[in-house]
Number of protein chains: 2
Amino acid sequence: MNIGLAAKHSNVNAKTIRYYESIGLIPDASRTGNGYRTYSDKDVETLRFIHHSRNLGFSVKDVGTLLDLWRNQKRASADVKALALSHIKEVDRKIEELRKVRDTLTHLTQRCHGDDRPDCPILKGLAGETVDA
Amino acid sequence: MNIGLAAKHSNVNAKTIRYYESIGLIPDASRTGNGYRTYSDKDVETLRFIHHSRNLGFSVKDVGTLLDLWRNQKRASADVKALALSHIKEVDRKIEELRKVRDTLTHLTQRCHGDDRPDCPILKGLAGETVDA
DNA sequence: GATAAGGGTTCCAGAGACTGGAAGGTCAAC
DNA sequence: GTTGACCTTCCAGTCTCTGGAACCCTTATC
């Protein structure tokens, strides 16, 4: 199948597929006589794997590692698990950070009248002034 | 003061200060005879405002808007609040997304033995297979 | 006076992960 | 034969810095 169909079936943009090829995440696609890239069902499967991995927040580099492990029949599941656990830790860190951000923002906005007066605890907070409860 | 000291006092990297100047987030600094940029305490205050805003996840563009509002004595606090609320919404969206990601990853890793055997529910999950409880 | 350390300056390139656009070739249908 | 939907390549832009090279200025020390 052509790149457009592969894109449709895998939910990976055609442009992105070419990009993945250019950075070596996937091997160069074979070409038909007219120079068009062709993809097999197996290629689409790979693209789907990539799509899922990216959706779960793995970096493209990590996806490369996961692809290697996926293709390697002699892999140890411990290697995969280690990568996943370290990623979970990172996700947790990000969630915690965002939670703090949200709490601060909520605190500030709750104290802001939000009318046509210029007094604004949000700006004061950003400027570094303490905004009391 | 020179850029290094301004950086120290504001917690904004000297390189980043120059970058902010280059994109017009802050006005061009005045220069001493030798061509060095000079900063006043007020400039440092502005940099701190920027630092706090960026820490709370506002985009540089939004920080520009916030700076305008901050400097404008006739602003309406409603404008600031609207920006902040919309940002909170975005942060909430991200937290929710990350929580889903973490749940999926946790589900998969809990089912992975993580030993030297190749069988791995994580890879199966990424490939699209259903991984049952 | 030479030199070294520790500032500062500019400009260019790279990061990550795409995405958009221009300029053009190909193919199937009408 | 022309339209429209594909495909191709290559370059530039997004966003927010950060690193590095090559160079200048100031001050202190030998």
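1. With which residue does Asp92(A) form a salt bridge, and how far apart are the closest N and O atoms? In this predicted model, the partner of Asp92(A) is Arg102(B), and the closest N and O atoms of the two are 2.8 Å apart. The pair belongs to the contact between chain A and chain B, for which the count is 2 salt bridges, while the structure holds 18 salt bridges over all chains.

2. On the extent of the interface, 48 residues of chain A are in contact with 48 residues of chain B, and the area buried between the two chains is about 4000 Å², of which 73% comes from carbon and sulfur atoms. Leu56(A), Leu123(A) and Leu126(A) together supply 17% of the area that chain A buries against chain B, which is more than any other three residues give.

3. Polar contacts also cross this interface, where 18 residue pairs are found, with both residues at pLDDT 80 or more. On the side of chain A that touches chain B, at least two residues each come from α3 (41-55), α4 (60-71), α5 (77-110) and α6 (121-127) of chain A, and α5(A) gives the most, with 20 residues. By class, that side of chain A has 24 nonpolar, 13 polar and 11 charged residues.

4. Helix α5 of chain A also holds a salt bridge of its own, in which the side chains of Arg93(A) and Glu97(A) meet at 3.0 Å, N to O; the two residues are 4 residues apart in that helix, about one turn. Arg93(A) counts as partly exposed because its relative accessibility is 42%, and Glu97(A), with a relative accessible area of 43%, is likewise partly exposed. The pair is part of a network of salt bridges that links Glu90(A), Arg93(A) and Glu97(A).

5. In chain B, Glu21(B) forms a salt bridge with Arg31(B), the closest N and O atoms being 4.0 Å apart. This pair links distant parts of the chain, with Glu21(B) in helix α2 (residues 14-22) of chain B and Arg31(B) in strand β1 (residues 30-31) of chain B, 10 residues apart. Glu21(B) counts as buried, at 10% relative accessibility, whereas Arg31(B) is partly exposed, with a relative accessible area of 45%.

6. A further salt bridge in chain B joins Arg71(B) to Asp68(B), whose closest N and O atoms are 3.9 Å apart. The two residues are separated by about one helical turn, because they lie 3 residues apart in helix α4 (residues 60-71) of chain B. Arg71(B) is partly exposed, with a relative accessible area of 44%.

7. Turning to the nucleic acid, 18 residues surround DNA strand D, and the closest are Gly4(A), Arg18(A), Lys15(B), Tyr20(B) and Arg54(B). Of the atoms of DNA strand D that come within 4 Å of the protein, sugar and phosphate account for 66%. The surface near DNA strand D takes at least two residues each from α1 (3-10) of chain A and α2 of chain B, with α2(B) giving the most, at 4 residues; by class, the residues of this surface divide into 6 nonpolar, 7 polar and 5 charged.

8. Individual approaches to DNA strand D involve both phosphate and base. A phosphate oxygen of the strand is 2.7 Å from an N or O atom in the side chain of Tyr20(B), and another approach to a phosphate oxygen places a polar side-chain atom of Arg31(A) at 3.0 Å. For Tyr36(A), by contrast, a polar side-chain atom lies 3.4 Å from a base oxygen of DNA strand D.

Conventions
Residues numbered from 1 in each chain as written. Chains lettered and ligands numbered in written order. Predicted model: local features only at pLDDT ≥ 70, side-chain atom pairs only at ≥ 80, totals over all residues. Heavy atoms only, no water. Contact = heavy atoms within 4.5 Å. Buried area = accessible area lost by both parts, 1.4 Å probe. Polar contact = N/O pair within 3.5 Å; in protein donor to acceptor, adjacent residues only side chain to side chain. Nonpolar A, V, L, I, M, F, W, Y, C, P; charged D, E, K, R; others polar. Buried < 20%, exposed > 50% of the residue type's maximum accessible area, 1.4 Å probe, protein only. Near = heavy atom within 4 Å.
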